Amino acid sequence: ASRTPEGVGGGDLRSLAGDIRGRLQGRAGVVALFAPDGEKVSFVVATTEAARDRGLAAGDLVKAFAPAVGGRGGGKPDLAQGGGSGVAGIDDAIAALRAEVSRAGG
């Protein structure tokens with residue numbers, strides 16, 4: 001999980017997450033990127049097949065951290081995205097995501 005530079009757009013965010021996920025090559029992994037843009041934040045979560053086999057679905061993971069950034073989102077088990085209005089909550093969102101992955105046995 002990481003914060004990107006200011007102003008990275010949604011399409012670029014999805015592409016970057018997909019590229020990183022592809023480099024994990026069969027390992028269980030969750031990629032989460034948070035892009036601040038002024039007072040707003042966009043985010044994307046991508047999971048590998050091995051992570052999904054362990055019960056880690058991207059859409060469900062979003063629910064665990066989205067409140068920290070005052071946002072919401074959703075998607076499929078392999079890719080989810082959303083946004084919020086709480087840029088100051090990015091670090092808390094990353095911590096909440098990591099805690100959820102640990103709880104799920106990832």
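Where is the place of Q25? Q25 sits in the loop between helix 1 (10–23) and strand 2. This is a predicted model, and Q25 is a handy place to enter it. The residue is not a glycine, yet its phi is positive, at about 35 degrees. Is Q25 buried or exposed? Its relative accessibility is 68%, and exposed means over 50%, so Q25 counts as exposed.

Now take another loop. T4 lies between strand 1 (2–3) and helix 1. Its relative accessibility is 7%, and buried means under 20%, so T4 counts as buried. What does T4 touch, leaving out residues up to four places away in sequence? The list is L13, L33, F34, A35 and P36.

F34 leads on to the aromatic rings. The count comes to 3 aromatic pairs. One of them joins F34 and F43. Their ring centres are 6.1 Å apart and the planes stand at 45 degrees, so this pair is tilted. F34 has 0% relative accessibility and therefore counts as buried. F43 is buried too, with a relative accessible area of 1%.

F43 also pairs with F65. Here the centres are 5.0 Å apart, the planes make an angle of 75 degrees, and the pair is edge-to-face. Why does this pair tie together separate parts of the chain? F43 belongs to strand 3 (residues 40–47) and F65 to helix 3 (residues 58–65), so the linked parts are 22 residues apart in sequence. F65 is buried, as is F43. Ring pairs thus join F34, F43 and F65 into a cluster.

The three phenylalanines of that cluster return in the nonpolar interior. The largest nonpolar core has 20 residues. Those with the most contacts inside it are F34, F43, V45, V62, F65 and I90. Which elements give two or more residues to this core? They are strand 2, strand 3, helix 3 and helix 4. Helix 4 provides the largest share, 5 residues.

V62 gives a closer view of this core. Neighbours within four places in sequence are set aside here. V62 is then in contact with F43, V45, G73, G74 and A80. A second core, of 8 residues, is separate. Among its members are L13, A17, V31 and V44. L13 has appeared before, as one of the residues that T4 touches.

Last comes the empty space. Rolling a probe the size of a water molecule over the atoms shows where such space is left. The largest pocket has a volume of about 150 Å³. How many residues line the largest pocket? There are 12, and A1, G29, V30, R98 and V101 lie nearest its centre. Strand 2 (30–37) and helix 4 (90–103) each supply at least two residues of the lining. Helix 4 gives the most, with 3 residues. By type, the lining divides into 8 nonpolar, 2 polar and 2 charged residues.

Two elements are worth tracing again on the model. Helix 4 gives the largest share of the largest core and also the most to the lining of the largest pocket. Strand 2 gives two or more residues to that core and at least two to the pocket lining.

Terms used:
Residues numbered from 1 in each chain as written. Predicted model: local features only at pLDDT ≥ 70, side-chain atom pairs only at ≥ 80, totals over all residues. Heavy atoms only, no water. 1 Å grid on protein atoms, 1.4 Å probe; cavity = no way out; pocket = protein on both sides within 12 Å on 5 of 7 lines; lining within 4 Å. Points joined across faces, edges and corners; volume = space filled by probe spheres on them. Helix = DSSP H or I, 4+ residues; strand = E, 2+ residues; numbered from the N terminus. Nonpolar A, V, L, I, M, F, W, Y, C, P; charged D, E, K, R; others polar. Phe/Tyr/Trp six-rings, centres within 6.5 Å; stacked < 30°, edge-to-face > 60°. Buried < 20%, exposed > 50% of the residue type's maximum accessible area, 1.4 Å probe, protein only. Core = buried A, V, L, I, M, F, W, Y, C linked by side-chain atoms within 4.5 Å. Contact = heavy atoms within 4.5 Å.
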